[in-house]
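Work through the exercises below with the sequence and the structure at hand. Try each task before reading its solution.

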Amino acid sequence: MTAAPPRPPRLAWVTLAYAAIALVVTWPLAAGLTRDVPGDLGDALLNIYILRWGADHLPGLFLGGERWAAFWNASIFHPEPFTLALSEHMTAQAIVAAPIIAVTGNAILAYNVIFLSTFVLSAIGAYL
């Protein structure tokens, strides 16, 4: 008796299917991942700014001291201190966005990748 040929794991196929569905339901976003933002230009642009700020200042979180304070002193609502603490700081998302921004220099692309991944990751969680 011969063993069946190895097949890709079912989760990989499910992930690809959910990714395709996410691209279809958010179309035309996929056509302009590097320049378009979903929805209105209010929250999306604020979140793109926060992701860029977080990605640029993440090393400071690990070094502590004055750099820790600099992370929270975003350049919004100047001269008010610690303005990033008044909004979503999106630190977890900035960790994901940092490599994308470092390689491409495009915070819009990083935001869109994270935006689309929320659909896929939520669907995978429901599937599991």
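**Exercise 1. Place isoleucine 95.**
Find the helix that holds isoleucine 95, and decide how exposed the residue is.

Solution. Isoleucine 95 sits in helix α4. The model is a predicted one. The relative accessible area of isoleucine 95 is 46%. Buried requires under 20% and exposed requires over 50%. Isoleucine 95 is therefore partly exposed, at 46%. Now take a distance. Isoleucine 95 and glutamate 66 are separated by 29 residues in sequence. Their C-alpha atoms lie 20 Å apart.

**Exercise 2. Classify threonine 91.**
Is threonine 91 buried or exposed, and which residues does it contact beyond four places in sequence?

Solution. Threonine 91 also has its place in helix α4. Its relative accessibility is 17%. The limit for buried is under 20%, so threonine 91 counts as buried. Leaving aside neighbours within four places in sequence, threonine 91 touches Leu58, Leu61 and Phe71.

**Exercise 3. Dissect the largest nonpolar core.**
Which members of the largest nonpolar core touch the most other members, and which helix gives the largest share?

Solution. The core has 25 residues. Leu51, Leu84, Ala97 and Ile101 touch the most other members. Next, assign the helices. At least two residues of this core come from each of α2, α3 (66–72), α4 (91–104) and α5. The largest share is from α2, with eight residues. Now look around leucine 84. Residues up to four places away in sequence are not counted. Leucine 84 then touches Ile50, Trp53, Phe71, Trp72, Ala74 and His89.

**Exercise 4. Describe the aromatic pairs.**
How many aromatic pairs does a search of the whole structure find? Give the geometry of the pair formed by phenylalanine 71 and tryptophan 72, then that of phenylalanine 115 and phenylalanine 119.

Solution. A pair of aromatic rings is described by two values, the distance of the centres and the angle of the planes. The search finds four pairs. In one of them, phenylalanine 71 and tryptophan 72 have ring centres 5.0 Å apart and planes at 90 degrees. Planes over 60 degrees apart count as edge-to-face, so phenylalanine 71 and tryptophan 72 are an edge-to-face pair. Both residues are buried.

Turn to phenylalanine 115 and phenylalanine 119. Their centres are 5.3 Å apart, with 80 degrees between the planes. This pair is edge-to-face too. Phenylalanine 115 and phenylalanine 119 are about one helical turn apart, because they are four residues apart in helix α5. Phenylalanine 115 is partly exposed at 23% relative accessible area, and phenylalanine 119 is partly exposed at 36%. Together with Tyr111, Phe115 and Phe119 form one aromatic cluster.

**Exercise 5. Find the salt bridge.**
Which residue forms a salt bridge with aspartate 56, and where do the two partners lie?

Solution. Side chains of opposite charge can pair when their charged atoms come close. A search of the whole structure finds one salt bridge. Aspartate 56 pairs with arginine 52, and the closest N and O atoms are 3.3 Å apart. The cut-off is within 4 Å. Both partners lie in helix α2 (residues 43–63), four residues apart, about one turn of the helix. Aspartate 56 is partly exposed at 45% relative accessible area. Arginine 52 is partly exposed at 32%.

**Exercise 6. Map a nonpolar surface patch.**
Which residues make the nonpolar surface patch of about 310 Å²?

Solution. The patch is made by Leu11, Tyr127 and Leu128. Tyrosine 127 belongs to helix α5 (residues 107–127). Its relative accessible area is 36%, which makes tyrosine 127 partly exposed.

Note on methods: Residues are numbered from 1 along each chain as its sequence is written. This is a predicted model: local features need pLDDT of at least 70, side-chain atom pairs count only at pLDDT 80 or more; totals for chains, interfaces and linings use all residues. Side-chain values use heavy atoms; hydrogens and water are left out. Patches are made of residues with over 30% relative accessible area and no salt bridge: like charges are joined within 9 Å, nonpolar side chains (Val, Leu, Ile, Met, Phe, Trp, Tyr) within 5 Å. Accessible areas come from the Shrake-Rupley method with a 1.4 Å probe; for residues, only the protein chains shown count as cover. A salt bridge is a side-chain nitrogen of Lys or Arg within 4 Å of a carboxyl oxygen of Asp or Glu. Buried means under 20% relative accessible area, exposed over 50%, partly exposed in between (1.4 Å probe, protein chains only). A nonpolar core is a set of buried Ala, Val, Leu, Ile, Met, Phe, Trp, Tyr and Cys residues joined through side-chain atoms within 4.5 Å. Contact means heavy atoms within 4.5 Å. Rings of Phe, Tyr and Trp (its six-membered ring) pair if their centres lie within 6.5 Å; planes under 30 degrees apart count as stacked, over 60 as edge-to-face and the rest as tilted.
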